[in-house]
Amino acid sequence: MKSLIRFDYLWLDGSETKEFRTKTRYTQIDVGENNQEPPKIEEILSQVQPWSFDGSSTNQADTESSDLMLQPVRLYPNPFVRQGQNSIPSFTVLCEVFDTDGNPHETNTRAKLRELLDSNKDESGLIMGIEQEYVFWDSNNDWPSGWKWDTENEEGIYPEEQGRYYCGVGPDVVLHRQLAETHAQVCLTGGLPFEGFNAEVMKSQWEYQLVPLSPMDAADSLWMSRYYLMRVAEQRGISVNFDPKPVEGDWNGSGAHINFSTNEMREGTMELLKEVCDNLEANHKETLLSYGKDNEKRLTGENETSSYDKFSSGELDRTASVRIPLITLKNEGSGYLEDRRPAANMDPYESFTSIITIMSSKKEEALV
């Protein structure tokens, strides 16, 4: 039995800081016989066909040879299309970009992570959880959404200094809570491992957390959660800013902290964590190349950040490059580490590739 299904193909373009591209396709697929259970996600995904697109319009090809291919790799229920008895079933299809010869495109960083994981079967139990910060943004004025604007002089007006906004309550300190609430519901409806959210240190800045997962699952989930966030904001005519330092001056920047652990770390000691930190330090300069564009503007050693040029680690220290959190400290080193260096705009496929490479190397085999 065939049924008409809507598929929103989603992929990452070739911009220096990757942006989403999407287009929609309606197609008939086999859903089984009447009175049977609906097909599973995996069965539907196996029937989703590759689709071509114009790579010259996405910074991924020249106009003279512009065709590239979208290879479906993951399927999610579409939380923006109401599912009902008479509605067309709808899914978001996360895709990798390939050339016409069937090779991963040079901008396909997911393929590089996939190949690394395939060639080095991870038996360490490495899991990663992301704390994603962002700012709701007024793109017309290039200013945080909800911050006052002087129309006559065409310049922004700064709110009260930071201090009351973090996890705050009330219209004078918190803006766009409803958007953050809606984003949480959309992520959960779309099948993402959404764990929580809160207002952040700068006004109009928010953070959400994802449940720790294996590297590829965590990376895919982060990209999908960003996509859902941008779609939620789009419906209200608001933008989402992932810049590491969206407002200059004494204002917090936005990061994407990576909490990670292995089986050994979860049953480890402070001595083991020191070894891990030493290895991260040995690769500090190279690692930052995969931690987001313009991150040096954020990593100044001020506003809860470490220095871009110098690695540091510390217990409960939010000014450190890598922080040992309270729960790990209480368990005498058994737990996880928080890498606070990644910028909000980092590509998790690239960042995770870097961390996995470092974690599988020895200090004397540093990448730098």
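This section describes aromatic contacts, salt bridges, a helix and selected loop and surface residues in a predicted model.

Aromatic contacts are considered at the outset. The structure holds 19 aromatic pairs. In one of them, Phe 20 and Trp 223, the ring centres are 5.5 Å apart and the planes meet at 85°; since ring planes over 60 degrees apart count as edge-to-face, the pair is assigned to that class. Phe 20 belongs to strand 2 (residues 20–30) and Trp 223 to helix 4 (residues 215–235), so that the contact links distant parts of the chain, 203 residues apart. Both of these residues, Phe 20 and Trp 223, are buried. The rings of Trp 147 and Trp 251 have centres 5.0 Å apart and planes at 50°, and the pair is therefore tilted. This pair also links distant parts of the chain, 104 residues apart: Trp 147 is placed in the loop between strand 7 (143–144) and strand 8 (149–150), and Trp 251 in the loop between strand 12 (239–241) and strand 13 (256–261). Trp 147 and Trp 251 are both buried. Ring pairs further join Phe 20, Phe 80, Trp 223, Tyr 227, Tyr 228 and Tyr 349 into a cluster.

Charged groups also lie over aromatic rings. The charged end of Lys 23 is positioned over the ring of Trp 51, at 4.0 Å from its centre. Arg 226 lies over the face of Phe 242, with a distance of 5.6 Å to the ring centre.

Helix 4, which contains Trp 223, was examined for its length and cover. Its 21 residues should span 30 Å at 1.5 Å a residue, and the end C-alpha atoms are 31 Å apart, in agreement with that expectation. The helix is mostly covered, with 17 of its 21 residues buried. Gly 237, which follows helix 4, has a positive phi near 70°.

Salt bridges were searched for across the whole structure, and 16 were found. Lys 18 and Asp 347 form one through their side chains, with an N to O distance of 3.7 Å. Because Lys 18 lies in the loop between strand 1 (2–12) and strand 2, and Asp 347 in the loop between strand 16 (337–339) and helix 9 (348–359), this pair ties together parts that are 329 residues apart in sequence. Lys 18 and Asp 347 are both buried. A salt bridge of 2.7 Å, N to O, joins the side chains of Glu 96 and Arg 110. Glu 96 lies in strand 5 and Arg 110 in helix 2 (residues 109–119), so the parts tied together are 14 residues apart in sequence. Both Glu 96 and Arg 110 are buried. For Arg 164 and Glu 160, the side chains meet at 3.4 Å, N to O. Arg 164 is partly exposed, at a relative accessible area of 40%, and Glu 160 is likewise partly exposed, at 45%. Salt bridges with shared partners join Arg 74, Glu 96, Arg 110, Arg 114, Asp 217 and Asp 220 into one network.

Positive phi values also occur in residues other than glycine. Glu 304 has phi near 65° and lies in the loop between helix 7 (284–288) and strand 14 (313–315). Its relative accessibility of 37% places Glu 304 in the partly exposed class. Leu 316 has phi near 60° and is found in the loop between strand 14 and strand 15 (322–324). Leu 316 is partly exposed, at 40%.

At the surface, Leu 4, Tyr 26 and Ile 88 make a nonpolar patch of about 260 Å². Ile 88 lies in the loop between strand 4 (67–77) and strand 5 (90–98) and is partly exposed, with a relative accessible area of 34%.

Notes: Residues are numbered from 1 along each chain as its sequence is written. This is a predicted model: local features need pLDDT of at least 70, side-chain atom pairs count only at pLDDT 80 or more; totals for chains, interfaces and linings use all residues. Side-chain values use heavy atoms; hydrogens and water are left out. Patches are made of residues with over 30% relative accessible area and no salt bridge: like charges are joined within 9 Å, nonpolar side chains (Val, Leu, Ile, Met, Phe, Trp, Tyr) within 5 Å. Accessible areas come from the Shrake-Rupley method with a 1.4 Å probe; for residues, only the protein chains shown count as cover. A salt bridge is a side-chain nitrogen of Lys or Arg within 4 Å of a carboxyl oxygen of Asp or Glu. Helices (H or I, at least four residues) and strands (E, at least two) are DSSP runs, numbered from the N terminus. Buried means under 20% relative accessible area, exposed over 50%, partly exposed in between (1.4 Å probe, protein chains only). Rings of Phe, Tyr and Trp (its six-membered ring) pair if their centres lie within 6.5 Å; planes under 30 degrees apart count as stacked, over 60 as edge-to-face and the rest as tilted. A charge sits over a ring if NZ of Lys or CZ of Arg is within 6 Å of the ring centre and within 35 degrees of the ring normal. The expected span of a helix is 1.5 Å times one less than its number of residues.
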